[in-house]
Amino acid sequence: AQKIAITGLGYADGWLRSQSNKGFAYVAGVKVPIAGRVSMDMIALDITEVPESALNPRLRAEFINEKQTVDVVAGSCDTIGYEIFTRLGTRIARSYRAA
């Protein structure tokens with residue numbers, strides 16, 4: 001059976017609708033596809049491949065990380081990383097790591 005998770009991110013937050021049905025996120029280190037369209041305030045993710053033991057209500061989805069850089073996301077949207085970053089709104093949790 002397919003498992004779907006809903007995230008609190010959408011095009012109102014600056015995530016491009018062109019990622020609908022083709023973009024990815026990472027959940028518990030597993031690359032998971034966007035399932036359906038990016039809506040105004042949410043994105044559905046197919047988390048079927050995420051181990052059951054890793055699932056919990058506080059689990060976060062990462063749309064940009066070391067495995068999927070902003071330039072990878074931008075390339076799939078036919079744009080540049082700078083545009084992706086400047087579109088992102090204030091509701092998005094950010095985590096910065098030293099290089």
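The following exchange goes through the terms used for this predicted model and the values behind them.

Colleague: What should be known about the numbering and the model before reading the values?
Modeller: Residues are numbered from 1 along each chain as its sequence is written, and side-chain values use heavy atoms, with hydrogens and water left out. The model is predicted, so local features need pLDDT of at least 70 and side-chain atom pairs count only at pLDDT 80 or more, while totals for chains, interfaces and linings use all residues.

Colleague: Why is Y26 called buried?
Modeller: Buried means under 20% relative accessible area, exposed over 50% and partly exposed in between, with a 1.4 Å probe and protein chains only. Y26 has 11% relative accessibility, so Y26 counts as buried. Y26 lies in strand β2, strands being DSSP runs of E with at least two residues, numbered from the N terminus.

Colleague: What makes both faces of strand β4 covered?
Modeller: In β4 (residues 43-46), I43 and L45 on one side and A44 and D46 on the other are all buried.

Colleague: How do you know that β1 and β4 pair?
Modeller: Two strands pair if DSSP finds at least two bridges between them. Four bridges join β1 to β4, so the two strands pair by that rule. They run antiparallel, and the bridge partner of I6 in β4 is A44.

Colleague: What is the order of the strands in the open sheet?
Modeller: Three strands form it in the order β3-β2-β5, with antiparallel pairing. The edge strands are β3 (30-33) and β5, each of which pairs on one side only. Strand β2 (residues 24-27) is joined to β5 by two bridges, and V27 has A61 as its bridge partner in β5.

Colleague: Why is the charged end of K31 said to sit over the ring of F24?
Modeller: The rule asks for NZ of Lys or CZ of Arg within 6 Å of the ring centre and within 35 degrees of the ring normal. The charged end of K31 is 4.3 Å from the centre of the F24 ring and sits over it. The charged end of R17 likewise sits over the ring of Y11, 5.8 Å from its centre.

Colleague: What kinds of residues line the largest pocket?
Modeller: The lining divides into 18 nonpolar, five polar and seven charged residues. Here Ala, Val, Leu, Ile, Met, Phe, Trp, Tyr, Cys and Pro count as nonpolar, Asp, Glu, Lys and Arg as charged, and the others, Gly among them, as polar. A pocket is an open set of points on a 1 Å grid over the protein atoms alone, where a 1.4 Å probe fits, with protein on both sides within 12 Å along at least five of seven lines; lining residues have an atom within 4 Å of a point.
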